[in-house]
Amino acid sequence: MHPRGLSIADFTYALPEERIAQEPLADRDASKLLVWRNGRITDRVFSEITDELPAGSLLVLNDTRVVNARLVFHRSTGGRIEGLCLSPVDDAPVEPAFDARGGCAWHCFIGNAKRWREGEELLLQADGLVLRAVRTGIEQVRFAWEPQALSFSQVLDALGHVPLPPYMKRADAPADKERYNTVFAEHQGSVAAPTASLHFTSVLLDKLAGKNVKQARLTLHVGAGTFLPVKSERMEGHAMHHEQVRITRDALSAIVGQTGMGPIVAVGTTAMRTLESLYWHGVRLMHGDRAATMDVQQWEPYDRSGAEPSAIEALQAVISDMDARGESQLIGRTQLLIAPGYRFRIAEGLITNFHQPQSTLLLLVAAFAGPDWRRIYDHALAKGYRFLSYGDGSLLWRGDA
């Protein structure tokens with residue numbers, strides 16, 4: 001069946017509110033780890049993942065950094081207006097957009113939008129920093145600030161809040177600025193964390209390196225769309241959100257060179273979506289589509305026909321195209337939806353948290369684990385695992401890995 005015909009009601013389960021983790025554990029790697037391989041489930045602690053990953057494995061990590069993208073304004077009447085910065089209005093790459101000086105324009109999700117009239121200026125200031133915001137459209141805001149020498153990222157860092165997910169029923173705390181980011185976060189641009197990576201500590205990564213578990217890093221800037229529930233009865237009515245991706249030639253070469261050296265393990269659904277999107281970008285290139293940028297569409301894998309290249313062939317086509325353009329990194333975007341019926345091309349393993357019912361993230365897990373996804377989630381619920389962003393993790397191995 002084409003994923004368009006999938007009923008989202010088939011991908012639900014009862015998630016008690018008390019099982020949604022509201023706070024991180026004191027130690028990142030003290031979380032529980034569910035290991036699923038060949039239908040067998042084992043309960044471990046995340047720090048014991050060193051025993052579960054074979055020597056020679058390659059971890060693919062998402063090194064995006066969550067920014068303080070939530071801004072809280074108050075109108076002169078006292079009304080509260082919240083804005084969540086989503087993306088630059090010109091669809092420019094996110095990272096350079098954060099370096100804007102003096103002013104910029106962004107697509108924003110606006111809470112209490114009806115109370116904020118178009119053209120009305122709102123003010124936010126602290127410690128000599130003044131930020132002005134004018135609503136210029138339905139979900140568009142023009143920002144200006146003083147001192148103008150500050151970058152937009154510096155403004156958000158000083159005046160913004162950590163954009164905790166809506167299922168965390170609390171205000172952000174100072175500790176969230178660190179704990180809602182990975183220890184290797186580098187490239188600013190996300191409004192949600194790649195949560196599978198939150199379990200890793202620097203010490204744990206060093207232990208894995210000592211076992212010859214290698215790393216390749218890429219960037220997918222996680223958008224607010226990751227929290228959007230599927231509201232349509234069937235998937236054909238759901239439009240996936242676009243997210244920006246970035247990967248260096250060196251990282252691509254490491255992934256290509258991993259063949260025969262050990263399993264590739266995607267750390268998080270975001271890393272998995274990026275890997276698979278890179279494959280389909282390579283397929284396009286091999287079919288003569290020499291588009292200047294990577295732009296993978298929602299249904300692209302399912303609407304293609306004919307013979308498909310191997311993962312190595314597709315990724316090598318991406319590297320060759322980058323070389324022809326003289327580029328050391330690829331910047332693009334993906335709208336790829338991974339759902340049951342999808343065949344994974346690159347990663348044999350997936351490290352991921354436990355996701356919301358009827359979400360596209362759960363669809364990806366169901367595609368990777370097959371019908372056993374429900375037994376995995378039933379086990380996690382029965383054994384007291386914590387769910388969602390600050391919750392526990394799992395290590396899933398593909399059936400043919």
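This passage describes two residue environments, the internal cavities and the aromatic pairs of a predicted model.

Val66 belongs to strand S4, which spans residues 64-66, and with a relative accessible area of 8% this residue falls under the 20% limit and is therefore classed as buried. When residues up to four places away in sequence are set aside, the contacts of Val66 are with Pro163, Tyr180, Asn181, Ser190, Val191, Ala192 and Ala193. Thr201 stands 135 residues from Val66 along the chain, and the C-alpha atoms of the two are separated by 17 Å in space.

A second environment is that of Asp172, which is placed in the loop joining helix H3 (152-159) to helix H4 (176-179). The side chain of Asp172 takes part in a polar contact of 3.2 Å with the side chain of Arg70, and a further polar contact, at 3.1 Å, links the side chain of Asp172 to that of His161. Both partners reappear in the contact list of Asp172, which, once neighbours within four places in sequence are left aside, consists of Arg70, His161, Val162 and Leu164.

Attention now turns to the space enclosed by the protein. Rolling a probe the size of a water molecule over the atoms reveals where empty space remains. In the predicted model, five cavities reach 30 Å³ or more, and the largest cavity contains about 260 Å³ of space. The lining of this largest cavity is made up of 22 residues, and those closest to its centre are Ala193, Thr195, Thr226, His355 and Leu361. Among the elements that contribute to the lining of the largest cavity, helix H7 (269-286) and strand S17 (349-353) each provide at least two residues. Sorted by class, the lining of the largest cavity comprises 11 nonpolar and 11 polar residues, with no charged residues. Ala193, named above as a contact of Val66, is thus also one of the residues closest to the centre of the largest cavity.

For the second largest cavity, the volume is about 120 Å³. Its lining consists of 14 residues, with Met240, Thr269, Arg273, Thr360 and Leu361 lying nearest the centre of the second largest cavity. At least two lining residues of the second largest cavity come from H7, and at least two from helix H10 (360-369). The class composition of the lining of the second largest cavity is seven nonpolar, five polar and two charged residues. Leu361 is listed among the residues closest to the centre of the largest cavity and also among those nearest the centre of the second largest cavity, while H7 supplies residues to the lining of the largest cavity and to that of the second largest cavity.

The aromatic residues were examined as ring pairs. Such a pair is described by the distance between the ring centres and the angle between the planes. The count comes to 21 aromatic pairs. In one of them, the ring centres of Phe98 and Trp106 lie 5.0 Å apart with the planes at 40°, and the pair is therefore tilted. Phe98 counts as buried at a relative accessibility of 4%, and Trp106, with a relative accessible area of 2%, is buried as well. The pair formed by Tyr279 and Trp280 is edge-to-face, with 4.9 Å from centre to centre and 90° between the planes; Tyr279 and Trp280 are both buried. Finally, one aromatic cluster is formed by Phe11, Tyr13, Phe354, Trp373, Tyr377, Tyr385 and Phe387.

How values were computed. Residues numbered from 1 in each chain as written. Predicted model: local features only at pLDDT ≥ 70, side-chain atom pairs only at ≥ 80, totals over all residues. Heavy atoms only, no water. Helix = DSSP H or I, 4+ residues; strand = E, 2+ residues; numbered from the N terminus. Buried < 20%, exposed > 50% of the residue type's maximum accessible area, 1.4 Å probe, protein only. Contact = heavy atoms within 4.5 Å. Polar contact = N/O pair within 3.5 Å; in protein donor to acceptor, adjacent residues only side chain to side chain. 1 Å grid on protein atoms, 1.4 Å probe; cavity = no way out; pocket = protein on both sides within 12 Å on 5 of 7 lines; lining within 4 Å. Points joined across faces, edges and corners; volume = space filled by probe spheres on them. Nonpolar A, V, L, I, M, F, W, Y, C, P; charged D, E, K, R; others polar. Phe/Tyr/Trp six-rings, centres within 6.5 Å; stacked < 30°, edge-to-face > 60°.
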